[in-house]
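Reader: I have a new model open and would like to learn how to read its packing and its charged pairs. Could you walk me through them?

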Amino acid sequence: MSPLVKLFIDAILDENSNRTIDDVPESIKVKVRAGLDDFYGEQKNDKKANAE
């Protein structure tokens, strides 16, 4: 993952930031969205594992 993609993902996930996916340039939006999907997928799996 490129540093720029990671920077946007971190900014979107930061509770103190007002960044959204709409702030991401079109050229990397797909990669940022995929990174966010991975993050939320891992979070969901962690919750599921903790529940068992």
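**Charged pairs and the core**

Author: Gladly, and please keep in mind that this is a predicted model. Let us start with a pair in one helix: Lys6 and Asp10 both belong to helix H1, four residues apart, which is about one turn of the helix.

Reader: What does Lys6 form with Asp10, and how far apart are the closest N and O atoms?

Author: The test is a side-chain nitrogen of Lys or Arg within 4 Å of a carboxyl oxygen of Asp or Glu. Here Lys6 forms a salt bridge with Asp10, with the closest N and O atoms 3.4 Å apart. Lys6 is partly exposed at a relative accessible area of 44%, and Asp10 is also partly exposed, at 37%.

Reader: How many salt bridges does a search of the whole structure find?

Author: Two. Besides the Lys6 pair, Lys29 forms a salt bridge with Glu26, where the closest N and O atoms are 3.2 Å apart. Both of these residues lie in helix H2, three residues apart, again about one turn of the helix.

Reader: Is Lys29 buried or exposed? And is Glu26 buried or exposed?

Author: The cut-offs to apply are under 20% relative accessible area for buried and over 50% for exposed. Lys29 is buried because its relative accessible area is 15%, whereas Glu26 counts as exposed because its value is 63%.

Reader: Now the nonpolar side. Which residues make up the largest nonpolar core?

Author: In soluble globular proteins, nonpolar side chains tend to be buried together. In this model the largest such core has eight residues: Val5, Phe8, Ile9, Ile12, Val24, Ile28, Val32 and Leu36. Helix H1 (3-13) and helix H2 (26-51) each supply at least two of them, and the largest share, four residues, comes from H1.

Reader: Which residues of H1 are buried, and why are they on the same side of H1?

Author: The buried residues of H1 are Val5, Phe8, Ile9 and Ile12. They are on the same side of H1 because they cover an arc of only 100° around the axis. These buried residues pack against H2, while Pro3 and Leu7 are exposed on the other side of H1.

Reader: Which residues does Leu36 touch, not counting those up to four places away in sequence?

Author: Leu36 touches Ile9, Ile12, Leu13 and Ile21. For another pair to locate on your screen, try Lys6 and Lys31: they are 25 residues apart along the chain, and their C-alpha atoms are separated by 9.4 Å.

Notes: Residues are numbered from 1 along each chain as its sequence is written. This is a predicted model: local features need pLDDT of at least 70, side-chain atom pairs count only at pLDDT 80 or more; totals for chains, interfaces and linings use all residues. Side-chain values use heavy atoms; hydrogens and water are left out. A nonpolar core is a set of buried Ala, Val, Leu, Ile, Met, Phe, Trp, Tyr and Cys residues joined through side-chain atoms within 4.5 Å. Buried means under 20% relative accessible area, exposed over 50%, partly exposed in between (1.4 Å probe, protein chains only). Helices (H or I, at least four residues) and strands (E, at least two) are DSSP runs, numbered from the N terminus. Contact means heavy atoms within 4.5 Å. The arc is that of the directions from the helix axis to the C-beta atoms.
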